[in-house]
Amino acid sequence: MKQYILKSTKSKKVQKITNEAIEILEAAGIPIASKSQRGLEKMALAFLAVAGVTKDWSKVKSVKDSYFLKTRDIINYINKNFEENISPGSYDDIRRKDLKLLVLADLVVNSGENTGAATNNPTRGYALLTEFAEAIKDFGTPSWNKSIKSFNSKRENLSELLSRKRTLDKIPVTLPGGKALTLSLGEHNILQKKIIEEFLPIYGKDCEVLYIGDTSNKLLHIEEDELKKLNFFKLSHDELPDVIAYNKKKNWLYLIEAYHSTGPMSELRVLELKKLLKECKALPIFVTAFLTKADFKKIAADIAWETEVWTADYPDHLIHFNGHKFLGPY
């Protein structure tokens with residue numbers, strides 16, 4: 001059996017039933033990876049209390065048995081049977097933390113939903129879903145895998161639901177070479193998607209994207225070997241632009257800032273980058289990208305000379321902050 005709770009001063013009997021509870025919940029689709037060991041343990045103990053189990057899963061109780069426990073009853077059950085000393089005043093944690101996923105997954109039924117009791121009313125009772133309890137009775141027997149598989153086939157899995165939601169809460173991006181990435185939601189990353197999929201095909205044809213910094217993952221995509229070949233500065237440096245692309249034929253290195261509220265290619269920013277790039281073999285092109293022309297107008301005075309401006313609402317046009325040549329290194 002997998003040991004979910006690895007460090008504990010509790011008796012082996014309590015550790016065993018706690019690990020079994022987590023194993024059952026994981027099999028029923030409860031996401032456990034994001035929880036701490038203590039969080040897992042408390043969820044398992046609350047589940048055991050609602051199930052009325054201390055050692056024998058065949059004795060599990062459910063709605064069918066009219067076995068409903070209030071939050072304070074759950075605390076008392078845990079303290080009595082599982083070597084805990086949880087404060088009676090912690091009853092709200094049972095609802096908000098320990099039973100939250102189980103209720104969301106419809107594995108535990110809250111009697112207050114049908115009685116109209118307030119959400120924070122401690123008299124609301126919790127009971128195990130009857131169908132879940134029937135499957136659990138087979139835990140530890142040769143029929144367990146078949147029983148839990150049958151139970152899961154008739155319901156939506158919470159882990160899968162949350163995984164799909166996380167996927168929906170992402171921005172898909174396809175790099176010039178066809179590689180697919182996902183960026184976290186936000187206007188800044190919407191602009192980065194447009195830079196990759198609209199700006200580069202027009203103004204950076206044949207470019208390879210060497211770096212993209214997601215707002216929640218600064219090193220989402222990085223081609224370290226290629227950047228090192230160009231003698232690019234240290235990749236851990238805070239001054240990395242949002243997008244770096246390289247045209248090998250022309251030896252042009254595009255350094256692109258996706259402007260949302262800060263960070264245009266100002267005179268100071270360009271000077272900092274030039275100093276950092278003094279050993280770089282490629283010829284730099286400095287670009288500030290905006291979602292709209294109106295966004296650009298707000299800070300037009302801050303844009304450095306010898307740089308480029310691109311706005312996503314007019315993708316076929318560039319604004320050149322220079323008089324003697326168009327797009328290219330200076």
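**Figure 1. Burial and overall make-up of the predicted model.** Buried residues account for 45% of the 330 residues in the protein, a value that, like every other one in these legends, comes from a predicted model. The protein contains 13 helices and 12 strands. Of the contacts with a separation of 6 or more, 55% are between residues 24 or more positions apart.

**Figure 2. The seven-stranded sheet and its order.** Seven strands make up an open sheet of mixed pairing, and their order is E7-E6-E8-E9-E10-E11-E12. The edges are formed by strand E7 (221-222) and strand E12 (318-320), each of which pairs on one side only. Strands of a sheet pair through backbone hydrogen bonds, in either a parallel or an antiparallel manner. Both arrangements can be followed here, since strand E6 (residues 207-212) and strand E8 (residues 243-247) run antiparallel and are joined by five bridges, while E9 and E10 run parallel and are joined by seven bridges. Within the E6 and E8 pairing, Cys 207 stands opposite Asn 247 of E8.

**Figure 3. Strand E10 and helix H10 in the setting of the seven-stranded sheet.** Six of the eight residues of E10 are buried, so this strand is largely enclosed by the rest of the structure. Helix H10 (residues 187-203) lies across E6, E8, strand E9 (252-258), strand E10 (283-290), strand E11 (308-311) and E12, and the helix runs at about 150° to E9.

**Figure 4. Trp 252 and two charged side chains placed over rings.** Trp 252 has Leu 283 as its bridge partner in E10, and the ring of Trp 252 also lies beneath the charged end of Lys 250, which sits over it at 4.5 Å from the ring centre. A second arrangement of this kind involves Lys 293, whose charged end sits over the ring of Tyr 314 at 5.7 Å from the centre of that ring.

**Figure 5. The three-stranded sheet.** Three strands form an open sheet with antiparallel pairing, in the order E1-E3-E2. E1 and strand E2 (108-110) are the edge strands, and because each has a single partner strand, one side of each is left without a neighbour in the sheet. E2 and strand E3 (residues 125-128) run antiparallel and are joined by three bridges; for Asn 110, the bridge partner in E3 is Tyr 126.

**Figure 6. Packing of helices H1 and H2.** Two packed helices are described by the angle between their axes together with the distance between those axes. For helix H1 (residues 12-27) and H2, the axes come within 9 Å and cross at roughly 90°, and the two helices are therefore roughly perpendicular to each other. On the H1 side the contact is made by Ile 17, Thr 18, Ala 21, Ile 22, Ile 24 and Leu 25, and on the H2 side by Leu 40, Glu 41, Met 43, Ala 44, Leu 45, Phe 47 and Leu 48.

**Figure 7. Aromatic pairs and the cluster that includes Phe 47.** The protein has 14 aromatic pairs. One of them is the stacked pair of Phe 47 and Phe 132, with 6.0 Å from centre to centre and 25° between the planes. Phe 47 lies in helix H2 whereas Phe 132 lies in helix H7 (residues 130-136), so this pair ties together parts that are 85 residues apart in sequence. Phe 47 counts as buried at 0% relative accessibility, and Phe 132 is likewise buried, with a relative accessible area of 0%. In the pair of Tyr 77 and Phe 82, the ring centres are 6.1 Å apart and the planes stand at 50°, so the pair is tilted. Tyr 77 counts as buried at 16% relative accessibility, and Phe 82 counts as buried at 1%. Ring pairs also link Phe 47, Trp 57, Phe 132, Phe 139, Trp 144 and Phe 151 into a cluster.

**Figure 8. The surroundings of Ser 62.** Ser 62 is found in the loop between helix H2 (37-51) and strand E1 (69-70). With a relative accessible area of 2%, which is under the 20% cut-off, Ser 62 is buried. Leaving aside residues up to four places away in sequence, Ser 62 touches Tyr 67, Ala 127, Leu 128, Leu 129, Thr 130 and Ala 133.

Notes. Residues are numbered from 1 along each chain as its sequence is written. This is a predicted model: local features need pLDDT of at least 70, side-chain atom pairs count only at pLDDT 80 or more; totals for chains, interfaces and linings use all residues. Side-chain values use heavy atoms; hydrogens and water are left out. Two strands pair if DSSP finds at least two bridges between them. Helices (H or I, at least four residues) and strands (E, at least two) are DSSP runs, numbered from the N terminus. Contact means heavy atoms within 4.5 Å. Axes are lines fitted to C-alpha atoms, for helices over the stretch in contact, and angles run from 0 to 180 degrees between N-to-C directions. Buried means under 20% relative accessible area, exposed over 50%, partly exposed in between (1.4 Å probe, protein chains only). Rings of Phe, Tyr and Trp (its six-membered ring) pair if their centres lie within 6.5 Å; planes under 30 degrees apart count as stacked, over 60 as edge-to-face and the rest as tilted. A charge sits over a ring if NZ of Lys or CZ of Arg is within 6 Å of the ring centre and within 35 degrees of the ring normal. Angles under 35 degrees count as roughly parallel, over 145 as roughly antiparallel, 65 to 115 as roughly perpendicular and the rest as oblique.
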